[in-house]
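Visitor: I would like to learn how to read the strands and helices of a model, step by step. Could you take me through this one?

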Amino acid sequence: MSDVVFHYGVADKWDYATRLVRKAVRSGFRVRVALAPAEMANFSTRLWAMAPSGFFAHCDDQAPASLKRRSPVILGTTGESDEPEVAVLLNLTDDMPESPQRYEKILEVITTDPQDRQQGRIRKRAYDSARYPVAMHDAGAAQTAGVP
């Protein structure tokens with residue numbers, strides 16, 4: 001069963017998400033990032049803009065299978081993936097993934113925006129109802145304390 005970690009109280013969702021991707025890839029995981037279609041180009045640009053030592057190759061779902069197999073990060077509009085070795089899902093959508101069990105770990109990022117917090121609560125209840133182990137990480141407190 002997948003472990004689910006909610007990172008809440010985040011000031012800048014996109015900055016925080018790029019740091020989560022960097023941390024997961026440096027830990028040896030392949031990552032799928034689920035986001036809205038309108039956000040894919042922005043997030044890809046952010047990954048390209050990382051410092052040379054922090055950059056990770058990435059592609060989207062439309063890339064050829066050979067490229068997807070070599071990419072540590074795959075961007076898509078859902079949590080669904082046909083890549084067998086993608087262990088981590090970074091869910092930046094408002095929806096719970098349809099097949100969360102296919103991932104070892106699911107990361108959810110919740111900002112301080114009231115609407116985003118409400119959507120996060122809905123997803124947390126869905127994970128709880130499905131009996132997934134959910135951990136809560138107060139990223140806002142960590143950011144205030146200067147912890148990356």
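**Reading the sheet**

Guide: Let us start with one pair of strands: strand 1 (residues 3–10) and strand 6 (residues 105–111) run parallel and are joined by seven bridges. Helices (H or I, at least four residues) and strands (E, at least two) are DSSP runs numbered from the N terminus, and two strands pair if DSSP finds at least two bridges between them. The model is a predicted one, in which local features need pLDDT of at least 70 and side-chain atom pairs count only at pLDDT 80 or more, while totals for chains, interfaces and linings use all residues. Residues are numbered from 1 along each chain as its sequence is written, and side-chain values use heavy atoms, with hydrogens and water left out.

Visitor: Which residues stand opposite each other in strand 1 and strand 6?

Guide: Aspartate 3 is opposite lysine 105 of strand 6, and valine 4 is opposite isoleucine 106 of that strand. Valine 4 also has a bridge partner in strand 7, namely valine 134, and strand 1 pairs with strand 7 in the parallel sense over five bridges.

Visitor: In what order do the seven strands form the sheet?

Guide: The order is 3-4-2-5-6-1-7, in an open sheet with parallel pairing. Its edge strands, strand 3 (58–60) and strand 7 (134–138), each pair on one side only. Neighbouring strands are turned by 20° against each other on average, direction ignored, where axes are lines fitted to C-alpha atoms, for helices over the stretch in contact, and angles run from 0 to 180 degrees between N-to-C directions.

Visitor: Which strands does helix 2 touch?

Guide: Contact means heavy atoms within 4.5 Å. By that rule helix 2 (residues 37–48) packs on the sheet and touches strand 2 (31–34), strand 3 and strand 4 (73–76), its direction making about 160° with that of strand 4. Helix 4 (residues 114–129) also packs on the sheet, touching strand 1, strand 5 (88–91), strand 6 and strand 7, and its direction makes about 150° with that of strand 6.

Visitor: How many residues of strand 1 are buried?

Guide: A residue is buried under 20% relative accessible area, exposed over 50% and partly exposed in between, using a 1.4 Å probe and protein chains only. Six of the eight residues of strand 1 are buried, so this strand is largely enclosed by the rest of the structure. Strand 6 is mostly covered, with six of its seven residues buried.

Visitor: Is glutamate 98 buried or exposed?

Guide: Glutamate 98 counts as exposed because its relative accessibility is 72%, and this residue lies in the loop between strand 5 and strand 6.
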